[in-house]
Amino acid sequence: GVPHMFGPLFFPTDEEREHAEALREQVKGRFLAWVISGSRIDKIYPYAAMVIGRIIIELGIPVVLFGVGDKQAEMANQIRDHVIRQNGTRDMFHMVVQDHHPPETRWPLRTALASCMAADCVVTPDTGMAWAVAFEQIPKIVMVSHASAENITKHWVNTITLHADPHRVPCWPCHRLHDTIDTCVPNKDGGHAAACISDISAQMILDAVKKVWLQPNAKVMRLREVA
């Protein structure tokens with residue numbers, strides 16, 4: 001109930017905006033940004049590779065995979081390999097996560113954040129890259145895990161929030177910080193991912209992507225000028 005005005009959380013430089021537009025040129029137009037994961041086990045969506053493959057084949061949407069650090073680079077490579085096996089090609093699949101590169105050639109975090117702002121849709125767990133675009137007009141599909149829409153995405157702009165069904169996953173939302181699966185309720189597919197985020201079906205994500213991709217003016221203020 002306190003008076004407030006929400007505003008942008010990230011302001012790219014001119015150079016970072018140019019880098020982001022160069023990514024769009026490389027992808028050859030519109031693209032969907034998929035953020036690999038957050039920093040904890042419950043913020044890893046275990047079916048990402050399958051869903052990304054379906055987004056490309058069924059919806060014809062180019063996907064750019066975003067992530068930070070060696071762990072997410074390894075996950076990105078696994079997703080890439082799965083997409084190739086599933087689709088028979090890596091056409092329309094791109095990654096901006098670099099593996100085994102020296103620090104001076106890796107994308108700085110700010111460059112990745114600015115490039116995510118160039119997307120026409122962002123699919124993401126609750127993580128820093130998501131917060132960077134929280135109050136931008138870019139359509140966002142956010143998969144919450146240990147938290148709820150009430151305390152994460154309630155006031156975000158142009159956002160669809162996906163979460164577990166509390167009848168199927170009664171521990172959601174637990175609001176606990178899970179560094180390992182030992183403190184979390186594992187899913188039923190081998191127990192290596194959180195039950196909450198795993199309860200979000202591939203079809204739910206596809207339906208949400210299809211809905212926002214058809215929105216007019218989805219790119220308004222994507223790379224807005226800073227006053």
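Okay, so straight to the nonpolar core. In this predicted model, the largest one has 51 residues, and the members that touch the most others are L32, W34, Y45, I52, I55, V123 and I205. Who supplies it? The elements giving two or more residues each are β1 (32-35), α2, β2, α3, β4 (121-125), β5, α6 (195-198) and α7 (202-213). Helix α7 makes the largest contribution, with 7 residues.

If you want one residue to click on, try V123. Ignoring neighbours within four places in sequence, V123 is in contact with L32, A33, W34 and V35, then with I141 and M143, and also with I205 and V209. There's another core lying apart from the big one, 22 residues, and A33, L113, M117 and A118 are among its members.

Right, the sheet. We've got 6 strands in an open sheet, paired in parallel, and the order reads β3-β2-β1-β4-β5-β6. At the edges sit β3 (93-95) and β6 (159-162), each pairing on one side only. Between neighbouring strands the average turn is 20°, if you ignore direction.

As a quick reminder, strands of a sheet pair through backbone hydrogen bonds, in a parallel or an antiparallel way. Take the β5 end of this one: β5, residues 140-143, runs parallel to β6 and is joined to it by 4 bridges. M143, for instance, has L162 as its bridge partner in β6. And yes, that's the M143 that showed up among the contacts of V123.

Now to helix α3. Which strands does α3, residues 70-87, touch as it packs on the sheet? The answer is β2 (63-66) and β3, and the direction of α3 makes about 165° with that of β3. For the geometry people: α3 has 18 residues, and from first C-alpha to last it reaches 25 Å, close to the 26 Å you'd expect at 1.5 Å a residue.

The buried residues of α3 are a mixed bunch: Q72, A73, M75, A76, N77, I79, V83 and N87. They pack against α2 (48-59), as well as β2 and β3. Then, just after the helix, G88 takes a positive phi, about 80°.

On to charges. Side chains of opposite charge can pair when their charged atoms come close. Here the count is 11 salt bridges, and I'll walk through a few.

Start with R17 and D14. The closest N and O atoms are 2.2 Å apart. Both residues lie in helix α1 (residues 14-27), 3 residues apart, so about one turn of the helix. Buried or exposed, what is each partner? R17 has a relative accessible area of 8%, and because the cut-off for buried is under 20%, R17 counts as buried. D14 comes out at 51%, so with exposed meaning over 50%, D14 is exposed.

Next is E16 with R110, where the closest N and O atoms are 2.8 Å apart. This pair links distant parts of the chain, with E16 in α1 and R110 in helix α4 (residues 109-116), 94 residues apart. E16 is buried, with a relative accessible area of 11%, while R110 is partly exposed at 36%.

Then there's D179 with R40, closest N and O atoms 3.3 Å apart. Why does this pair tie together parts that are 139 residues apart in sequence? Because D179 lies in the loop between β6 and α6, whereas R40 lies in the loop between β1 and α2. D179 is exposed, with a relative accessible area of 62%, and R40 counts as partly exposed at 23%. Besides these pairs, R24, R30 and D120 are joined into one network by salt bridges that share partners.

Last stop, H167. Where does H167 sit? In the loop between β6 and α6, which is also where we found D179. H167 is exposed, with a relative accessible area of 75%. And if you want a distance to try in your viewer: H167 and P108 are 59 residues apart along the chain, and their C-alpha atoms are separated by 41 Å.

That's my tour, so over to you.

Definitions and conventions. Residues numbered from 1 in each chain as written. Predicted model: local features only at pLDDT ≥ 70, side-chain atom pairs only at ≥ 80, totals over all residues. Heavy atoms only, no water. Pairing = 2+ DSSP bridges. Axes fitted to C-alpha atoms, helices over the stretch in contact; angles between N-to-C directions. Contact = heavy atoms within 4.5 Å. Expected span 1.5 Å × (residues − 1). Buried < 20%, exposed > 50% of the residue type's maximum accessible area, 1.4 Å probe, protein only. Core = buried A, V, L, I, M, F, W, Y, C linked by side-chain atoms within 4.5 Å. Salt bridge = Lys/Arg side-chain N within 4 Å of Asp/Glu carboxyl O.
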